[in-house]
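Biologist: I'd like to go through some of the labels in this model with you. Can you tell me where each one comes from?

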Amino acid sequence: MNQNDFDCIVIGGGHAGIEAAHAAARIGARTCLLTLSKATIGKMSCNPAVGGLAKGQITREVDALGGLMGLAIDATGIQFRMLNRSKGPAVQSPRAQADKYKYQDYMRAKLEETPNLTIVEAMAAEILVEDRRVRGVRCTDGSVFSASAAIITTGTFLRGMMHIGTEQFPGGRLDEPAADDLSASLERLGLEVLRLKTGTPVRLDTSTIDLDRLESQQGDPDPVPFSFLNDRIDRPQVPCWITYTNERIHQLIRDNLHRAPLYTGQIKSVGPRYCPSIETKIMRFADKDKHQVFLEPEDEARTTIYCNGISTSLPRDVQEQMLKLMPGTERARIVHYAYAIEYDYCPPVQLQPSLETRKIAGLFLAGQINGTSGYEEAAGQGILAGINAARKLQGEEPLVLRRDQAYIGVMVDDLLTRGIDEPYRMFTSRAEHRLALRSDNADRRLTPIGISIGLVQPDRRQRFQTKLDAIARLKAHLKATRVEGVTLWDLLRRPEGLTQDALRTTHDDFAACSREILEAIAIDAKYEGYLAKQERLAGVQRDLDEKRIPAGVDYERIAHLRAEAKEKLIAFRPATLGQASRLSGITPADITVLQVHLKKNER
């Protein structure tokens with residue numbers, strides 16, 4: 001076999017590419033990861049953090065399926081916090097700052113030791129296709145790699161153009177070249193390619209910041225791991241700090257809007273609504289006289305600081321003046337300036353639920369190329385694309401996660417049914433089944449799937465089964481034991497009933513129980529009624545999701561289907577009635593007409 005012959009090629013070594021390559025190789029596909037540099041695999045090009053609201057759930061889901069992100073952040077995190085601790089478990093999310101250099105090293109080492117995976121330093125230029133099927137990838141240096149599946153995870157590199165004031169220069173991110181050829185290849189294959197924008201703030205030399213004047217933000221005293229393989233976090237934690245913009249800074253920005261690429265027309269694409277630049281915040285929230293800025297260390301030694309909250313593309317001199325006016329950073333030295341970046345993406349309505357493109361068999365897209373933002377969203381898509389590329393090669397049905405199974409399922413369904421006109425970011429509010437899609441139960445939701453597809457390793461499988469057995473045994477004890485005529489289970493369900501600490505006194509098994517298992521039992525008890533109701537509603541939706549729509553159905557010929565419905569269905573080509581029902585502009589009456597048509601045409 002030629003050394004350039006593979007089953008699957010993954011293009012890009014970011015967070016989507018890592019999970020895609022690892023998953024495909026672990027399942028058994030001979031995989032090649034094409035990356036510009038091994039040294040930048042897993043690079044945290046923006047915020048050096050993992051998790052957050054809804055994003056923490058996705059990270060836990062990637063981990064439950066057998067992915068790497070949760071393990072990586074547990075091994076390299078420098079501050080861990082559980083967000084929304086005062087609220088219900090459904091909206092609690094883990095988040096951690098990372099030592100971004102150790103995170104990269106960890107990911108590179110894990111990939112280098114993964115069986116069936118070869119890492120090659122090269123830039124992809126063209127997807128080679130024959131009879132609308134992937135046959136390989138040609139690189140800019142002329143080398144050719146053959147494969148029957150390719151996964152594109154190019155982040156912001158496709159025709160990337162960076163902006164600092166009136167300065168414009170090509171690049172995928174700071175000090176790295178843009179990938180200019182691959183977009184043209186996708187367009188030749190018939191894929192639609194559009195533009196989006198994102199940005200990043202300044203990085204500062206920590207030693208030049210007056211941190212003693214600022215409010216510090218500490219991590220949790222009892223940090224909770226991301227990975228279900230870890231019992232505890234033993235790493236030292238470092239603080240973050242909080243400062244604020246002020247009216248002088250706001251006026252400085254207003255005075256220089258004529259030099260801001262976002263307002264001069266120099267940047268023409270749309271940026272992320274939920275992570276706006278500081279100039280956008282000043283204009284959008286004109287009544288606010290200050291905005292919070294988190295100063296977050298980028299490594300354990302606290303060498304540099306990421307200024308979370310002042311992303312901008314304003315000129316360098318304006319950035320310098322902003323810092324001189326902000327408490328604590330008056331004398332700060334800029335390590336590198338903030339910039340905005342425009343890049344190509346492919347509207348995700350061109351995908352199947354497996355993340356395979358509709359037009360080219362064996363071609364999968366994951367991460368920012370699908371219009372998403374965030375490391376976690378990218379990792380969730382990456383592991384799904386890697387799984388499905390390997391399963392396609394094996395002749396297996398694709399893995400499609402439902403909206404009631406995973407946040408990853410919610411995200412993919414949103415991308416396919418709602419379209420993208422701005423970078424997509426996951427929120428708990430997007431998940432109608434969020435009571436069931438908690439960060440604490442991601443392993444119980446998804447590890448059985450990881451086991452069934454061959455991605456979960458024996459140590460995780462054994463640990464998972466031990467946990468399930470313990471939960472089942474202790475639940476049975478609670479339901480069988482009565483105190484004054486009431487079962488311990490019913491006492492645990494009550495809002496002011498049995499606490500987890502009190503639970504430890506009821507049986508020797510509980511006294512020796514881990515926090516993770518006690519928490520699972522307590523949450524299951526308190527949410528039992530809500531989850532039963534939610535499951536009934538989910539069952540109705542599952543019936544629609546299981547009813548497949550033939551790929552070649554001619555919507556124009558369906559009698560009584562409204563013109564708007566035909567237009568939407570032709571554009572999105574939903575795979576199931578469930579997907580069709582979630583398209584904007586599709587009514588219950590349209591679904592009924594479609595159901596009747598499919599019933600009549602069943603063979």
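Modeller: Sure, and keep in mind that this is a predicted model. Which one do you want to start with?

Biologist: The helices. In which hand does α1 pass α4?

Modeller: The crossing of α1 past α4 is left-handed. On the α1 side the contact comes from H15, I18, E19 and H22, and on the α4 side from Y103, M107 and L111. Sorted by type, the contact residues give four nonpolar, two polar and one charged.

Biologist: Why are α1 and α4 called roughly parallel?

Modeller: Helix α1 (residues 15-27) packs on helix α4 (residues 100-112) at about 25 degrees, and their axes are 11 Å apart. Angles under 35 degrees count as roughly parallel, so α1 and α4 get that label.

Biologist: On to strand β20. What makes β20 mostly covered?

Modeller: Residues 339-345 form β20, and seven of its seven residues are buried. The cut-off for buried is under 20% relative accessible area. One side carries Y339, I341, Y343 and Y345, the other A340, E342 and D344, and both faces are covered. As for why the residues split like that, side chains in a regular strand alternate between the two faces of the sheet.

Biologist: How do you know that β11 and β20 pair?

Modeller: Pairing takes at least two bridges. Strand β11 (residues 161-164) has three bridges with β20, so they count as paired, in the antiparallel sense. One of the links is H163 with A340 of β20.

Biologist: And how many bridges join β13 to β20?

Modeller: Seven, with β13 (residues 194-200) running antiparallel to β20. There, T200 has Y339 of β20 as its bridge partner.

Terms used: Residues numbered from 1 in each chain as written. Predicted model: local features only at pLDDT ≥ 70, side-chain atom pairs only at ≥ 80, totals over all residues. Heavy atoms only, no water. Buried < 20%, exposed > 50% of the residue type's maximum accessible area, 1.4 Å probe, protein only. Helix = DSSP H or I, 4+ residues; strand = E, 2+ residues; numbered from the N terminus. Axes fitted to C-alpha atoms, helices over the stretch in contact; angles between N-to-C directions. Parallel < 35°, antiparallel > 145°, perpendicular 65-115°, else oblique. Left-handed = near helix turned anticlockwise from the far one by under 90°. Contact = heavy atoms within 4.5 Å. Nonpolar A, V, L, I, M, F, W, Y, C, P; charged D, E, K, R; others polar.
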